[in-house]
Amino acid sequence: MRRPKRDDASLVRELEPFAAGLLDRHIAAAREWFPHQYVPWGAGRDFDGPLGGEPWREDQSRLDPAARSALVVNLLTEDNLPGYHHALAVNSTRDGAWGEWLNRWTAEEDRHATSIRGYLHATRAVDPVALERARMAQVSTGFASPATGCLSGMAYVALQELATRISHRNTGRHSGDPVCERLMTRIAQDENLHMVFYREVLRAALAIAPDQVLVALEENVRSFRMPGHAMPGFAPMAARIAVAGVYDLRIHHDDVLMPLLRNLKVFDLEGLGPEGEEARDSLAAHLERLDARAGLFVERRAGALAARQRRGHEDRPPAPVSG
């Protein structure tokens, strides 16, 4: 059944009552927290510069390279908040419930960069000069939204918020530092509530314009890139993060794409038109290819790890003979 295509302005108007209800639900569920309470200030000391403190050295960091890369990627991603605010406003509106949500979301997101940067500085986990230069480059570049309209914007952000939640959570676990894990878990809780808002907007949109939602989901799943992909050094850091199992194709497929699509019952929808059916078929084919690529990556990673372990065993001196 072919349905008339709704333009962005009418979709924004039709979805606003749902956005208002979801905003009220979000405010009721959200719990106030304070970034300064999650930063171990007692571990900090002055850096070199006007205060004449101690210069940063890599051996001061207690985190392994993968954890440092993950925290830097997560932080620089959060730093581009002005670009995300603009992109969401362009793809919806600053008026009414949408504008209230946008401002609330932005205020909550701003805590994430504040707290992660405080942790990194206090613990001397990364080079603060390199970090600040990377922030300047990242924010100066801005954010080029891949979304093209209201539904595309909602689809991208639902995926991105869930991906970010998983990345933050896994980074904390991998760090081996209970303080870091506590902080990243708290941030992940925010991201989960944000994801729920956008996911439920998509659910409401499925009842209004299911074919258009399927097209938006297929486009964004197929072309998805993390919002920080343009940051300096992203490719080698992302590779390090993937090899460490913090965030990789397997996680992206199993913990981000499939849970979201199952929750929305995308593959159980009935009554789609030709456009929606075609988008869903394309989505299923893409997921199958991604699943195969993820399996191959995990297999190769396991093989490389086994080879390193064998080499390490061979390099060890023989155990002393007792008796």
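**Exercise 1.** In this predicted model, determine how the axes of helix α4 (residues 96–123) and helix α7 (residues 178–208) are arranged relative to each other.

*Solution.*
1. The two axes come within 11 Å and cross at roughly 160°.
2. Angles over 145 degrees count as roughly antiparallel.
3. Helices α4 and α7 are therefore roughly antiparallel to each other.
4. Their crossing is left-handed.
5. On the α4 side, residues making the contact include W98, W101, W105 and Y119; on the α7 side, they include L183, M184, F197 and Y198.
6. Sorted by class, this contact has 13 nonpolar, 3 polar and 5 charged residues.

**Exercise 2.** Find where the partners E58 and R68 lie in the chain, and decide whether R68 is buried or exposed.

*Solution.*
1. A salt bridge joins E58 and R68, with 2.8 Å between the closest N and O atoms.
2. E58 sits in the loop between α1 (8–29) and α2 (65–79), while R68 belongs to helix α2; they are 10 residues apart.
3. The relative accessible area of R68 is 15%, and buried means under 20%, so R68 is buried.

**Exercise 3.** Describe the salt bridges of E200 with R199 and with R203, and the burial of R203.

*Solution.*
1. The closest N and O atoms are 2.8 Å apart in the pair E200 and R199, and 2.8 Å apart in the pair E200 and R203.
2. E200 and R203 are both in helix α7, 3 residues apart, or about one turn of the helix.
3. E200 counts as buried because its relative accessibility is 14%.
4. R203, at 29%, is partly exposed.
5. R199 is buried.

Key. Residues numbered from 1 in each chain as written. Predicted model: local features only at pLDDT ≥ 70, side-chain atom pairs only at ≥ 80, totals over all residues. Heavy atoms only, no water. Axes fitted to C-alpha atoms, helices over the stretch in contact; angles between N-to-C directions. Helix = DSSP H or I, 4+ residues; strand = E, 2+ residues; numbered from the N terminus. Parallel < 35°, antiparallel > 145°, perpendicular 65-115°, else oblique. Left-handed = near helix turned anticlockwise from the far one by under 90°. Contact = heavy atoms within 4.5 Å. Nonpolar A, V, L, I, M, F, W, Y, C, P; charged D, E, K, R; others polar. Salt bridge = Lys/Arg side-chain N within 4 Å of Asp/Glu carboxyl O. Buried < 20%, exposed > 50% of the residue type's maximum accessible area, 1.4 Å probe, protein only.
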